[in-house]
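Biologist: Before we turn to individual contacts, please take me through this model with the cut-offs spelled out.

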Amino acid sequence: MAKVELKKPVVEEISEKIKDAQALVLVDHRGLTVAQDTELRKKLREEGVTYKVYKNTMMNFAFKGTDFEQLKDLLNGPSAMAVSTNDPAAPARVLYDFAKKAKALEIKGGVIEGKFYDAQAMSEIAAIPSKEVLLSKLLGSMQSPIANFARVINQIAEKGGAGEAEAPAAEEAAPAAEEAPVETAEAPAETAEAPAAEAEAPAAE
(Lines give C-alpha, C1' and ligand atoms only; values in the text may rest on other atoms or scores of the structure.)
Protein backbone atom coordinates (compact mmCIF):
# COMPACT_ATOMS: atom_id res chain seq x y z
CA MET A 1 0.00 0.00 0.00
CA ALA A 2 1.40 3.42 -0.98
CA LYS A 3 2.44 5.82 1.73
CA VAL A 4 -0.06 8.39 0.47
CA GLU A 5 -2.89 5.93 1.00
CA LEU A 6 -1.66 5.28 4.54
CA LYS A 7 -1.57 8.97 5.30
CA LYS A 8 -4.99 9.75 3.87
CA PRO A 9 -7.13 8.34 6.74
CA VAL A 10 -5.04 10.23 9.31
CA VAL A 11 -5.30 13.50 7.37
CA GLU A 12 -9.06 12.99 7.02
CA GLU A 13 -9.33 12.33 10.74
CA ILE A 14 -7.53 15.58 11.55
CA SER A 15 -9.62 17.47 8.99
CA GLU A 16 -12.80 16.16 10.61
CA LYS A 17 -11.64 17.27 14.07
CA ILE A 18 -10.79 20.81 12.97
CA LYS A 19 -13.77 21.28 10.63
CA ASP A 20 -15.96 23.05 13.22
CA ALA A 21 -13.18 24.00 15.64
CA GLN A 22 -13.36 27.37 17.34
CA ALA A 23 -9.89 26.91 18.82
CA LEU A 24 -6.81 24.78 18.22
CA VAL A 25 -3.72 24.91 20.40
CA LEU A 26 -0.44 23.14 19.67
CA VAL A 27 1.76 21.88 22.50
CA ASP A 28 5.08 20.12 22.89
CA HIS A 29 4.35 17.26 25.26
CA ARG A 30 7.91 15.96 25.65
CA GLY A 31 8.87 15.29 29.23
CA LEU A 32 5.37 14.55 30.52
CA THR A 33 5.08 11.35 32.50
CA VAL A 34 2.42 8.81 31.64
CA ALA A 35 0.48 9.83 34.76
CA GLN A 36 0.68 13.51 33.82
CA ASP A 37 -0.39 12.82 30.24
CA THR A 38 -3.36 10.80 31.48
CA GLU A 39 -4.39 13.55 33.89
CA LEU A 40 -4.07 16.22 31.20
CA ARG A 41 -6.25 14.27 28.80
CA LYS A 42 -8.87 13.84 31.52
CA LYS A 43 -8.96 17.56 32.34
CA LEU A 44 -9.25 18.51 28.68
CA ARG A 45 -12.00 15.95 28.11
CA GLU A 46 -13.98 17.38 31.04
CA GLU A 47 -13.93 20.76 29.28
CA GLY A 48 -15.07 19.26 25.97
CA VAL A 49 -11.59 19.52 24.41
CA THR A 50 -10.21 16.75 22.19
CA TYR A 51 -6.48 16.08 22.48
CA LYS A 52 -4.27 13.88 20.33
CA VAL A 53 -0.68 13.53 19.17
CA TYR A 54 -0.13 13.57 15.40
CA LYS A 55 2.85 13.74 13.11
CA ASN A 56 3.62 17.25 11.95
CA THR A 57 3.42 16.24 8.28
CA MET A 58 -0.11 14.90 8.80
CA MET A 59 -1.26 18.10 10.50
CA ASN A 60 0.43 20.18 7.83
CA PHE A 61 -1.56 18.39 5.10
CA ALA A 62 -4.83 18.74 7.03
CA PHE A 63 -4.27 22.41 7.87
CA LYS A 64 -3.77 23.51 4.26
CA GLY A 65 -6.52 25.80 2.99
CA THR A 66 -7.89 26.40 6.51
CA ASP A 67 -7.39 29.05 9.19
CA PHE A 68 -5.07 26.61 10.94
CA GLU A 69 -2.52 26.83 8.15
CA GLN A 70 -1.20 29.77 10.16
CA LEU A 71 0.31 27.17 12.53
CA LYS A 72 2.62 25.64 9.93
CA ASP A 73 5.72 27.33 11.36
CA LEU A 74 5.04 25.72 14.75
CA LEU A 75 4.96 22.21 13.31
CA ASN A 76 8.37 21.13 14.47
CA GLY A 77 9.36 18.70 17.18
CA PRO A 78 6.78 16.53 18.96
CA SER A 79 3.32 18.10 18.64
CA ALA A 80 -0.10 17.43 20.06
CA MET A 81 -3.21 19.44 19.26
CA ALA A 82 -6.02 20.41 21.61
CA VAL A 83 -9.26 21.28 19.83
CA SER A 84 -12.51 22.83 21.05
CA THR A 85 -15.70 23.30 19.07
CA ASN A 86 -17.61 25.01 21.91
CA ASP A 87 -15.50 27.18 24.19
CA PRO A 88 -12.72 29.08 22.31
CA ALA A 89 -10.72 29.68 25.49
CA ALA A 90 -11.02 26.16 26.93
CA PRO A 91 -7.87 24.59 25.41
CA ALA A 92 -5.62 27.47 26.45
CA ARG A 93 -7.21 27.70 29.90
CA VAL A 94 -6.74 24.01 30.71
CA LEU A 95 -3.27 23.74 29.18
CA TYR A 96 -1.85 26.81 30.90
CA ASP A 97 -3.34 25.81 34.21
CA PHE A 98 -1.85 22.34 33.88
CA ALA A 99 1.55 23.71 32.79
CA LYS A 100 1.86 25.50 36.15
CA LYS A 101 2.59 22.18 37.82
CA ALA A 102 3.83 20.24 34.78
CA LYS A 103 6.72 22.44 33.66
CA ALA A 104 7.60 20.07 30.81
CA LEU A 105 4.43 21.00 28.93
CA GLU A 106 5.18 23.73 26.38
CA ILE A 107 2.42 25.72 24.68
CA LYS A 108 3.56 26.61 21.17
CA GLY A 109 0.64 28.76 20.03
CA GLY A 110 -2.77 28.41 18.50
CA VAL A 111 -5.60 29.72 16.36
CA ILE A 112 -8.76 30.97 18.03
CA GLU A 113 -11.78 31.92 15.95
CA GLY A 114 -9.57 32.27 12.87
CA LYS A 115 -6.86 34.41 14.47
CA PHE A 116 -3.31 33.30 15.26
CA TYR A 117 -1.96 33.75 18.79
CA ASP A 118 1.59 33.03 19.91
CA ALA A 119 2.44 31.45 23.27
CA GLN A 120 2.48 34.81 25.09
CA ALA A 121 -0.88 35.89 23.72
CA MET A 122 -2.33 32.48 24.50
CA SER A 123 -1.57 33.03 28.18
CA GLU A 124 -3.91 36.04 28.10
CA ILE A 125 -6.61 33.96 26.41
CA ALA A 126 -6.18 31.39 29.17
CA ALA A 127 -7.27 33.98 31.75
CA ILE A 128 -10.77 34.19 30.24
CA PRO A 129 -13.27 32.39 32.54
CA SER A 130 -15.41 29.55 31.26
CA LYS A 131 -18.97 30.19 30.08
CA GLU A 132 -20.32 28.57 33.24
CA VAL A 133 -18.31 30.95 35.44
CA LEU A 134 -19.35 33.98 33.39
CA LEU A 135 -23.02 32.96 33.55
CA SER A 136 -22.75 32.41 37.28
CA LYS A 137 -21.30 35.90 37.73
CA LEU A 138 -23.97 37.38 35.47
CA LEU A 139 -26.78 35.70 37.40
CA GLY A 140 -25.24 36.84 40.67
CA SER A 141 -25.12 40.46 39.50
CA MET A 142 -28.73 40.21 38.27
CA GLN A 143 -30.02 38.70 41.50
CA SER A 144 -28.47 41.44 43.62
CA PRO A 145 -30.59 44.30 42.16
CA ILE A 146 -33.66 42.05 42.29
CA ALA A 147 -33.05 41.38 45.98
CA ASN A 148 -32.57 45.10 46.62
CA PHE A 149 -35.76 45.91 44.71
CA ALA A 150 -37.74 43.33 46.72
CA ARG A 151 -36.38 44.80 49.94
CA VAL A 152 -37.47 48.31 48.91
CA ILE A 153 -40.94 47.03 47.98
CA ASN A 154 -41.28 45.39 51.40
CA GLN A 155 -40.25 48.61 53.12
CA ILE A 156 -42.82 50.57 51.11
CA ALA A 157 -45.49 48.01 51.98
CA GLU A 158 -44.64 48.25 55.67
CA LYS A 159 -44.80 52.05 55.57
CA GLY A 160 -48.08 51.85 53.64
CA GLY A 161 -49.58 49.70 56.41
CA ALA A 162 -48.57 52.21 59.04
CA GLY A 163 -50.14 55.01 57.00
CA GLU A 164 -53.41 53.12 56.75
CA ALA A 165 -53.46 52.60 60.52
CA GLU A 166 -53.09 56.34 61.06
CA ALA A 167 -55.81 57.25 58.54
CA PRO A 168 -58.84 56.03 60.61
CA ALA A 169 -57.67 58.05 63.60
CA ALA A 170 -57.52 61.13 61.43
CA GLU A 171 -60.96 60.40 60.04
CA GLU A 172 -62.42 60.05 63.56
CA ALA A 173 -60.95 63.41 64.52
CA ALA A 174 -62.46 65.08 61.47
CA PRO A 175 -66.17 64.52 62.36
CA ALA A 176 -65.55 65.83 65.87
CA ALA A 177 -64.11 68.98 64.37
CA GLU A 178 -67.11 69.34 62.08
CA GLU A 179 -69.67 68.99 64.95
CA ALA A 180 -68.08 71.61 67.18
CA PRO A 181 -69.17 74.65 65.11
CA VAL A 182 -72.85 73.52 65.37
CA GLU A 183 -72.98 74.31 69.08
CA THR A 184 -71.21 77.60 68.47
CA ALA A 185 -73.76 78.49 65.81
CA GLU A 186 -76.70 77.95 68.19
CA ALA A 187 -75.29 80.30 70.80
CA PRO A 188 -76.07 83.51 68.88
CA ALA A 189 -79.71 82.42 68.61
CA GLU A 190 -80.13 82.66 72.40
CA THR A 191 -78.40 86.02 72.35
CA ALA A 192 -80.78 87.19 69.66
CA GLU A 193 -83.85 86.39 71.83
CA ALA A 194 -82.66 88.57 74.70
CA PRO A 195 -83.29 91.95 73.02
CA ALA A 196 -86.79 90.82 72.15
CA ALA A 197 -87.57 90.33 75.85
CA GLU A 198 -86.12 93.72 76.67
CA ALA A 199 -88.21 95.27 73.97
CA GLU A 200 -91.44 93.96 75.55
CA ALA A 201 -90.65 95.33 78.99
CA PRO A 202 -91.57 99.02 78.33
CA ALA A 203 -94.93 97.93 76.95
CA ALA A 204 -95.85 96.54 80.39
CA GLU A 205 -95.27 99.97 81.93
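Biologist: What is the relative accessible area of Lys-42, and is Lys-42 buried, partly exposed or exposed?

Modeller: This is a predicted model, in which local features need pLDDT of at least 70 and side-chain atom pairs count only at pLDDT 80 or more, while totals for chains, interfaces and linings use all residues. Residues are numbered from 1 along each chain as its sequence is written, and side-chain values use heavy atoms, with hydrogens and water left out. Buried means under 20% relative accessible area, exposed over 50%, and partly exposed in between, with a 1.4 Å probe and protein chains only. Lys-42 therefore counts as partly exposed, its relative accessible area being 44%.

Biologist: Which residue meets Lys-42 in a salt bridge?

Modeller: A salt bridge here is a side-chain nitrogen of Lys or Arg within 4 Å of a carboxyl oxygen of Asp or Glu. The partner lies in helix H2 together with Lys-42, four residues apart, about one turn of the helix, where helices are DSSP runs of H or I with at least four residues, strands are runs of E with at least two, and both are numbered from the N terminus. At an N to O distance of 2.6 Å, the side chain that Lys-42 meets is that of Glu-46.

Biologist: Which residue pairs with Lys-101 in a salt bridge?

Modeller: Lys-101 counts as exposed, because its relative accessibility is 53%. The N to O distance in its salt bridge is 2.7 Å, and the partner is Glu-39.
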